Amino acid sequence: MAPDNILVQVRDVCVQFQQHTALQQISLDVQRGKIITLIGPNGAGKSTLVRVVLGLLTPQTGTVFRQTGIRIGYMPQRINIDPVLPLTVARFLSLGGVKQTPILRYALEEVGAAHTFKRPLQSISGGEMQRVLLARALLRKPDLLVLDEPIQGVDINGQYELYELIAQIRKQRGCAILMVSHDLHLVMSATDYVVCLNQHLCCSGHPETVTQHPAYLKLFGARAARDLAIYTHHHQGKTENG
Ligand SMILES: Nc1ncnc2c1ncn2[C@@H]1O[C@H](COP(=O)(O)OP(=O)(O)OP(=O)(O)O)[C@@H](O)[C@H]1O
C-alpha cells in the first residue's frame, strides 16, 4: 500500500536483458497531479522504466504498486502505421473504444489538432501526429498520462508549444504526467520533479536542484551548463513579464 496521493510507487526495481542491466535499484513515486520527467542518455533505461510503470514489463526484482482503478493514458515514442491502410485521424482515434464524434473532436480540439479530424493519418505532419497521439491518450480520461519523448519529430517552436500544451493539460485536468525527455532545458518550466537515469538513479529532485547536481553535470557536461543558462534566462524573462 502507498498513500492515496501516490498513483504509482516503484521500489528497488532491477531489470536485466540477458547479460545487460537496464535498470538497477530504481525507486520512484508518481504523485497525483504532478509532472515528473525522466532524463538520461540513450540507453539509460528511460523507456524500460516507463514500461515497468505501465505494467508492460515485470522487473526481476523490486516492487511496483499502482493504486487500484487508476486510468493511464499512454503516448508511445512512435507507432507504425501501414502506409497503404486507409485510416482517417477520426477512425484511428475511435479504435481506442470511444466512438462518439463530439468526444473525438473535443479531444483533438484540446490538443490543437481539430483540423486533422477527417484527414488520412498518413498525410499529417510529425507535429500533428504527436498531437493526435496525445488526444488518443486523453480519450482514456487518464489519472496518469505517460508520454515517451512527446516532442519527437517536432521542430523547436513546436516543441515549446507542445510542452506548454502538456502543462495546460495538467492544469485543466489535474492528471499526473510522467514523461521522458532528452532536453531538460525545454521541460524544466513544465516539470515538478526530475529523475536522472543512467541504468541507476543518478540524481532526482526539483529541476533547479538536478541541473546543479554533480551527477547530472558529469553526465551532460557542457550541455548541462548551457541548458541551465537557457532556463535561467527563460525563467527570469517569464518572471519579469509576470
Ligand atoms: N526488449 C529488450 N531486449 C533486450 N534489450 C533491451 C530491450 N529493451 C531495451 N533493451 C536495452 O536496455 C537498455 C535501455 O533501453 P531503453 O530503451 O530503456 O533506453 P532509453 O533510455 O529509453 O534510450 P533512448 O533514449 O535511446 O530511447 C538499452 O541498452 C536497450 O538496448
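Two residues are in contact if their C-beta atoms, placed from the backbone, lie within 7 Å. I start my notes with that cut-off, and I keep in mind that this is a predicted model.

**Entry 1. Domains**

I looked up the domain assignment first. It gives domain 1 as 1-42 + 59-71 + 143-153 + 163-242, and domain 2 as 81-141. I then checked where the two touch. Six residues of domain 1 are in contact with eight residues of domain 2. The side of domain 1 that touches domain 2 has four nonpolar residues, one polar and one charged.

**Entry 2. The core**

Next I turned to the largest nonpolar core, which has 68 residues. Which of its members touch the most others? I noted Leu144 and Val146. Helix 4, residues 126-138, gives the most to this core, with seven residues. Domain 1 and domain 2 both give residues to the core, so it lies between them.

I followed Val146 a little further. Leaving out residues up to four places away in sequence, Val146 touches Val50, Val53, Leu54, Ile72, Tyr74, Met75 and Leu178.

I add one general remark here: in soluble globular proteins, nonpolar side chains tend to be buried together.

**Entry 3. Helix 4**

Since helix 4 gives the most to the core, I took its dimensions. Helix 4 has 13 residues and reaches 19 Å from its first C-alpha to its last, close to the 18 Å expected at 1.5 Å a residue. Is helix 4 mostly covered or mostly uncovered? I found it mostly covered, with twelve of its 13 residues buried. Among them are Gly127, Met129, Val132, Leu133 and Leu138. The charged names on the buried list include Glu128, Arg131 and Arg136.

I also looked up what does the covering. The elements over the buried residues of helix 4 include strand 5 (72-75), strand 6 (144-148), helix 2 (89-94), helix 3 (101-110) and helix 5 (156-173).

I stopped at Glu128, which is found in helix 4. It counts as buried because 21 other C-beta atoms lie within 10 Å, and the cut-off for buried is 20 or more. Apart from neighbours within four places in sequence, Glu128 is in contact with Ala113 and Thr116. I also took a distance to Val111: the C-alpha atoms of Glu128 and Val111 are separated by 9.3 Å, with their positions 17 residues apart along the chain.

**Entry 4. Around the ligand**

I listed the residues around the ligand: Phe17, His20, Ala22, Gly40, Asn42, Gly43, Ala44, Gly45, Lys46, Ser47 and Thr48. Strand 2 (20-31) and helix 1 (46-54) are the elements that give two or more residues to this shell. Helix 1 has the largest share, three residues. By class, the shell has three nonpolar, seven polar and one charged residues.

I checked helix 1 for burial as well. Its buried residues are Lys46, Thr48, Leu49, Val50, Val52 and Val53. Lys46 and Thr48 therefore appear on both lists, buried in helix 1 and placed around the ligand. After helix 1 comes Gly55, whose phi is positive, near 85°.

**Entry 5. Positive phi outside glycine**

I looked for residues other than glycine with a positive phi and noted Gln25 and Lys141. Gln25 has a phi of about 50° and has its place in strand 2. With 14 C-beta neighbours inside 10 Å, Gln25 counts as partly exposed. Lys141 also has a positive phi of about 50°. Lys141 is found in the loop between helix 4 and strand 6. With 11 C-beta neighbours inside 10 Å, Lys141 counts as exposed.

**Entry 6. Val195 and Asn5**

Is Val195 buried or exposed? I found that Val195, which lies in strand 8 (193-198), is buried, with 22 other C-beta atoms within 10 Å. Leaving aside neighbours within four places in sequence, its contacts are Leu28, Ile36, Leu38, Leu201 and Ser204. The C-alpha atoms of Val195 and Pro207, twelve residues apart along the chain, are separated by 9.0 Å.

Asn5 is found in the segment before strand 1 (6-17). With 12 C-beta neighbours inside 10 Å, Asn5 counts as exposed. Beyond neighbours within four places in sequence, Asn5 is in contact with Gln31 and Arg32. Asn5 and Gln31 are 26 residues apart in sequence and 5.7 Å apart in space, C-alpha to C-alpha.

Key:
Residues numbered from 1 in each chain as written. Predicted model: local features only at pLDDT ≥ 70, side-chain atom pairs only at ≥ 80, totals over all residues. Near = placed C-beta within 6 Å. Helix = DSSP H or I, 4+ residues; strand = E, 2+ residues; numbered from the N terminus. Core = buried A, V, L, I, M, F, W, Y, C linked by C-beta atoms within 7 Å. Domains from an automatic or database assignment. Expected span 1.5 Å × (residues − 1).
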